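Trainee: I should like a close look at a single part of this model, namely one place where two helices pack against each other. Please set it in the context of the chain as a whole.

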Amino acid sequence: MNHAMFPDPSSRRSNTLGALRFGVLGTLAIWREGGCTEIPAAKHRTVLAILLANLNRTVNVGMLIDELWPGLAPSTARKTVQGYVWRLRRALGPFADRLVTIGSGYRMVLPADWLDVLEFERSVDTARVALHAGASERAVGELTRALNLWRGPAFDCVPRSPAIEAYAVRLDEAYVAAQESLIATQLSLGRPAEVVPDLVGLTAAHPHRESLHRHLMTALHRTGRRLDALDVFQRLRFRLAADYGLEPDRQTTELHQALLQDCVDVAAVPRR
């Protein structure tokens with residue numbers, strides 16, 4: 001995936017209790033005043049990632065043990081987890097009280113604007129409302145802001161426990177969906193040339209995702225590159241047949257027929 005650079009956290013609005021931010025949209029990161037705090041130990045990163053994935057909810061020690069040592073937990077696992085949590089609290093410094101013990105579990109208690117994924121989701125939701133209201137330019141701004149929060153694949157450099165793997169896959173899918181929504185909105189605003197470079201990269205990264213290929217075909221046609229648009233269809237058709245023995249779906253085939261006929265209606269944004 002092509003990810004925009006994440007803005008310097010020091011340039012962001014400070015929260016009411018001081019400067020603290022967590023990032024999971026890329027390498028797991030903690031930003032405090034003075035810079036980024038690294039979590040060098042892999043299992044410490046796993047514990048922090050699970051707590052952030054369950055923000056403001058209690059995570060039972062048993063779940064942490066299962067995620068850290070699937071089926072192979074040592075007899076000292078519970079005490080070891082306590083040690084990991086102690087070290088994470090040290091890394092949080094004056095914000096250590098944000099990682100609280102509740103019964104036989106732990107909870108990371110943070111406001112929404114202290115975690116990048118919640119900012120991402122809020123901007124995507126705002127964009128969705130704006131699109132429904134016909135405010136396309138505002139939607140473009142919100143989607144661009146959301147995508148700019150990404151620095152790489154979700155939970156990059158965190159060992160893939162079952163829970164983290166599932167959550168990371170969901171977030172990476174949300175990232176592509178937000179990109180696709182931004183591209184569709186840009187096309188609706190008559191900006192095909194702006195989206196072609198991103199679509200070329202996205203279709204290469206997701207060679208079986210037909211909706212992205214339809215957007216690329218439409219954008220190329222609108223910029224006067226009809227033959228290139230037809231070539232996109234042929235490459236998609238070949239890949240689907242070679243990998244799955246399938247033909248492109250009805251929407252893609254209809255768009256291809258419109259391109260062959262040089263139909264003016266192809267200017268309409270293809271359905272996702």
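**A helix pair in its setting**

Mentor: The protein chain has a secondary structure of ten helices and six strands. The model is predicted, and every value that follows is computed from it. Of the 272 residues in the protein chain, 46% are buried. Its accessible surface comes to about 13400 Å², and carbon and sulfur atoms account for 54% of that area. When contacts between residues at least 6 apart in sequence are considered, 63% of them join residues at least 24 apart.

The part to examine closely is the pairing of helix H8, residues 210–222, with helix H9, residues 226–244. Their axes come within 7 Å and cross at roughly 165°. Because an angle over 145 degrees counts as roughly antiparallel, H8 is roughly antiparallel to H9. The crossing in which H8 passes H9 is left-handed.

Which residues make the contact? On the H8 side they are Glu210, His213, Leu216, Met217, Leu220 and His221. H9 contributes Arg226, Asp228, Ala229, Val232, Phe233, Leu236 and Leu240. By character, the residues of this contact divide into eight nonpolar, two polar and three charged. Leucine appears on both sides, with Leu216 and Leu220 in H8 and Leu236 and Leu240 in H9. The charged residues are Glu210 of H8 together with Arg226 and Asp228 of H9, while the polar ones are His213 and His221 of H8.

Two residues from other helices show how individual positions sit in the chain. Arg45 is found in helix H1, which covers residues 42–53. Its relative accessibility is 17%, and since buried means under 20%, Arg45 counts as buried. Leaving aside residues up to four places away in sequence, Arg45 touches Leu28, Ile39, Pro40, Cys157 and Val158.

Met63 lies in helix H2, residues 61–68. Is Met63 buried or partly exposed? With a relative accessible area of 29%, Met63 is partly exposed, because that class lies between the 20% limit for buried and the 50% limit for exposed. Again leaving aside residues up to four places away in sequence, Met63 touches Ile50, Asn54 and Ala163. Met63 and Ala163 are 100 residues apart along the chain, and their C-alpha atoms are separated by 9.5 Å.

Notes. Residues are numbered from 1 along each chain as its sequence is written. This is a predicted model: local features need pLDDT of at least 70, side-chain atom pairs count only at pLDDT 80 or more; totals for chains, interfaces and linings use all residues. Side-chain values use heavy atoms; hydrogens and water are left out. Helices (H or I, at least four residues) and strands (E, at least two) are DSSP runs, numbered from the N terminus. Buried means under 20% relative accessible area, exposed over 50%, partly exposed in between (1.4 Å probe, protein chains only). Contact means heavy atoms within 4.5 Å. Accessible areas come from the Shrake-Rupley method with a 1.4 Å probe; for residues, only the protein chains shown count as cover. Axes are lines fitted to C-alpha atoms, for helices over the stretch in contact, and angles run from 0 to 180 degrees between N-to-C directions. Angles under 35 degrees count as roughly parallel, over 145 as roughly antiparallel, 65 to 115 as roughly perpendicular and the rest as oblique. A crossing is left-handed if the near helix is turned anticlockwise from the far one by less than a right angle, and right-handed if clockwise.
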